[in-house]
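I am opening a notebook page on helix packing and on the contact between chains. The entries below record what I looked up and in what order.

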Amino acid sequence: MVSAVSWTPALPADWRDFLALTKPRVMTLVVYTGLCGLLAAPVHLHPVIGFTAVLCIALGAGASGALNMWYEADIDARMRRTRDRPLPGGRMDRQSALHFGVGLGCFSVLLMGLAVNLLAALILTASILFYVVIYTVWLKRRTPQNIVIGGAAGAFPPLIGWAAATGHVALLPVLLFALVFLWTPPHFWALALFVRPDYAAAGVPMLPVVAGEDATRRQILLYSLPMAVAAVVPWPLGLTGAIYGIVATLSSAWFVLLAFRVWRSRERDPANMKAERRLFAFSVLYLFVLFGALVVDRMLLP
Amino acid sequence: MTPDFEAEYRRRQRARAKVMAWILAALVVLFFAIAIVRLSS
């Protein structure tokens, strides 16, 4: 016997939810560092090709963000900071997020390969796969070293920008890669210290959850020292001029000082962690200032 | 499907179609520009 069942389709996701999947705020920093890597390269690139390269970096980052949200919907639902994202918020089905992420990633790599060059496309592919497979799928739920190794994913954009402009990789973009790679742990651990209850509730083994606050504070200071070296060393090596050198020296010294204050702090209440919040806020500004100085240096000095 | 639900359904479909149309139009312009640059270099 056949019974008539009334069926109501789900509402299609709003286009703004697809935009939210790309993590636009994270993308801002990715696009900025990619653009700066491109502008710091010692060659002239046609603006249309340069725009295409930056667009591909943005689309690749968006694809990584979408696939990250697709895989982590269960974790996002348990964290206050992320529970209103499109998937845990119930505004989109998982399959749409998966198709969107894969489609966007493939498109960004193909466009980069066809319009810009193969090396930039290869590094873009590596960055997407690194973020999705190595960081999101493999490391994040397993080890407190998740963002140390996963930080490489966010360090690729200046390398991609440089490769897009020149067609090869040189020492300066490798040092910029090292800078962002070493910047990531202090940046994320400062955040993790004052949102620790959120990570603990979600079962994510972030360092403050697994090793405690004091060990995390010590690691923040330890990572900020080689980060400062990676930031300043292009100047004595003759890869940049004095503008970048002075800005890098002063801002890195301030970063290390803030990290030192975090190390000395013994605050246990996340609501009162002023030193950690100050370091987190400054860490974002730090990268913007440093990469901006690099471009200004390249444009103003002979 | 209630009338309100159907109206919201259609509104979202239209909004997505419009965004997609703008994106495709932008890509047409971009691909044309890339082709011109590549052919002239």
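In which hand does helix 6 of chain A pass helix 7 of chain A? I find a left-handed crossing of helix 6 of chain A past helix 7 of chain A, the term meaning that the near helix is turned anticlockwise from the far one by less than a right angle.

Before going on, I note that this is a predicted model, in which local features need pLDDT of at least 70 and side-chain atom pairs count only at pLDDT 80 or more, while totals for chains, interfaces and linings use all residues. Residues are numbered from 1 along each chain as its sequence is written, chains are lettered from A and ligands numbered from 1 in the order in which they are written, and side-chain values use heavy atoms, with hydrogens and water left out.

Entry on helices 6 and 7. I looked up the geometry of helix 6 (residues 118-139) and helix 7 (residues 146-166) of chain A, and they pack at an angle of about 170 degrees with their axes 9 Å apart; axes are lines fitted to C-alpha atoms, for helices over the stretch in contact, and angles run from 0 to 180 degrees between N-to-C directions. Helix 6 of chain A is therefore roughly antiparallel to helix 7 of chain A, a label for angles over 145 degrees. By class, I read 18 nonpolar, three polar and no charged residues in the contact of helix 6 with helix 7 of chain A. The helices themselves are DSSP runs (H or I, at least four residues), numbered from the N terminus.

Entry on helices 11 and 12. For helix 11 (residues 213-232) and helix 12 (residues 242-264) of chain A, I find axes that come within 9 Å and cross at roughly 175 degrees. Helix 11 and helix 12 of chain A are therefore roughly antiparallel to each other. Their contact (heavy atoms within 4.5 Å) includes Arg217(A) and Arg218(A) of helix 11 and Phe255(A) and Trp263(A) of helix 12. By class it has 15 nonpolar, three polar and two charged residues.

Entry on the two chains. I find 19 residues of chain A in contact with 17 residues of chain B. The area buried between chain A and chain B (accessible area, 1.4 Å probe, lost on putting the two parts together and summed over both) is about 1600 Å², of which carbon and sulfur atoms give 75%. Leu11(A), Pro12(A) and Trp15(A) supply 33% of the area that chain A buries against chain B, more than any other three residues.

Across the chains, helix 3 (residues 47-71) of chain A and helix 1 (residues 3-40) of chain B pack at an angle of about 130 degrees, with axes 9 Å apart. Helix 3 of chain A is therefore oblique to helix 1 of chain B, and it passes helix 1 of chain B in a left-handed crossing. Among the residues making the contact are Phe51(A) and Leu55(A) of helix 3 of chain A and Ile34(B) and Arg38(B) of helix 1 of chain B.

Entry on salt bridges. With a side-chain nitrogen of Lys or Arg within 4 Å of a carboxyl oxygen of Asp or Glu as the criterion, the structure holds 15 salt bridges over all chains, and the count between chain A and chain B is one. I looked up that pair: the side chains of Arg11(B) and Asp14(A) meet at 3.7 Å, N to O. Arg11(B) lies in helix 1 of chain B and Asp14(A) in the segment before helix 1 (15-21) of chain A, so the pair joins two chains.

Notes: Angles under 35 degrees count as roughly parallel, over 145 as roughly antiparallel, 65 to 115 as roughly perpendicular and the rest as oblique. Ala, Val, Leu, Ile, Met, Phe, Trp, Tyr, Cys and Pro count as nonpolar, Asp, Glu, Lys and Arg as charged, and the others, Gly among them, as polar.
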